[in-house]
Amino acid sequence: MSTKICAEADIAVDSPMRVVVDGIAVAVVKDSAGTVHAIGDTCTHGDISLSEGFVEDGTLECWAHGSKFELTTGKPLTLPAYEPVPVFRVEIIDGDVFVDTSDVLASN
Ligand code: FES
């Protein structure tokens with residue numbers, strides 16, 4: 001089931017936002033092209049919130065040790081993390097952002 005997060009206009013480009021949907025921490029990111037992504041917020045290397053990290057070249061970088069997770073696939077492109085984070089379905093309906101944590105688009 002999709003859950004309304006906020007208005008799309010409330011998300012600043014390259015400024016990750018942490019939300020909890022159905023008990024799952026999610027990092028919501030609007031990339032420089034304006035596409036909104038939702039990926040698991042917890043780094044797979046340690047208990048770090050990825051939404052406190054940095055957006056760069058289609059990735060969200062963990063501030064702790066620098067692993068960069070691809071926004072479209074959840075895959076870490078750089079060590080030390082080697083397990084992906086889940087990627088959730090995002091819908092924009094009438095200017096509002098909806099995230100569906102039951103619909104994992106990519107997790108491997
Ligand atoms: S905790 Fe994220 S890279 Fe180490």
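I started with Leu71 in this predicted model and listed what it touches beyond four places in sequence: Val29, Asp31, His37, Ile39, Val55, Gly58, Thr59, Leu60 and Val87.

Next I looked up the cores. The largest nonpolar one has 14 residues. Leu71 is among those with the most contacts inside it, along with Ile39, Cys43, Leu50, Leu60 and Phe69. Apart from that core I found another, of twelve residues, including Val19, Val21, Val26 and Val28.

Then I went to the strands, beginning with S4, residues 36-40. Is S4 enclosed or open? Five of its five residues are buried, so the rest of the structure largely encloses it. I checked who pairs with S4. S3 (residues 24-30) runs antiparallel to S4, with five bridges joining the two, and Val26 stands opposite Gly40. The S3-S4 pair makes a hairpin with five residues in between, and I noted a positive phi of about 95° at Gly34 in the turn. S8 (residues 87-93) also pairs with S4, antiparallel over two bridges; there, Ala38 has Phe88 as its bridge partner.

Last stop: the open sheet. I read its order as S5-S6-S7, three strands with antiparallel pairing. Which strands stand at the edges? They are S5 (54-56) and S7 (68-70); each has a single partner strand, so one side of each is left without a neighbour in the sheet. I get an average twist of 30° from one strand to the next. Between S5 and S6 (residues 59-61) I see three antiparallel bridges, and Val55 has Leu60 as its bridge partner. Both of those residues were already on my Leu71 contact list.

Conventions. Residues are numbered from 1 along each chain as its sequence is written. This is a predicted model: local features need pLDDT of at least 70, side-chain atom pairs count only at pLDDT 80 or more; totals for chains, interfaces and linings use all residues. Side-chain values use heavy atoms; hydrogens and water are left out. A nonpolar core is a set of buried Ala, Val, Leu, Ile, Met, Phe, Trp, Tyr and Cys residues joined through side-chain atoms within 4.5 Å. Buried means under 20% relative accessible area, exposed over 50%, partly exposed in between (1.4 Å probe, protein chains only). Contact means heavy atoms within 4.5 Å. Two strands pair if DSSP finds at least two bridges between them. Helices (H or I, at least four residues) and strands (E, at least two) are DSSP runs, numbered from the N terminus. Axes are lines fitted to C-alpha atoms, for helices over the stretch in contact, and angles run from 0 to 180 degrees between N-to-C directions.
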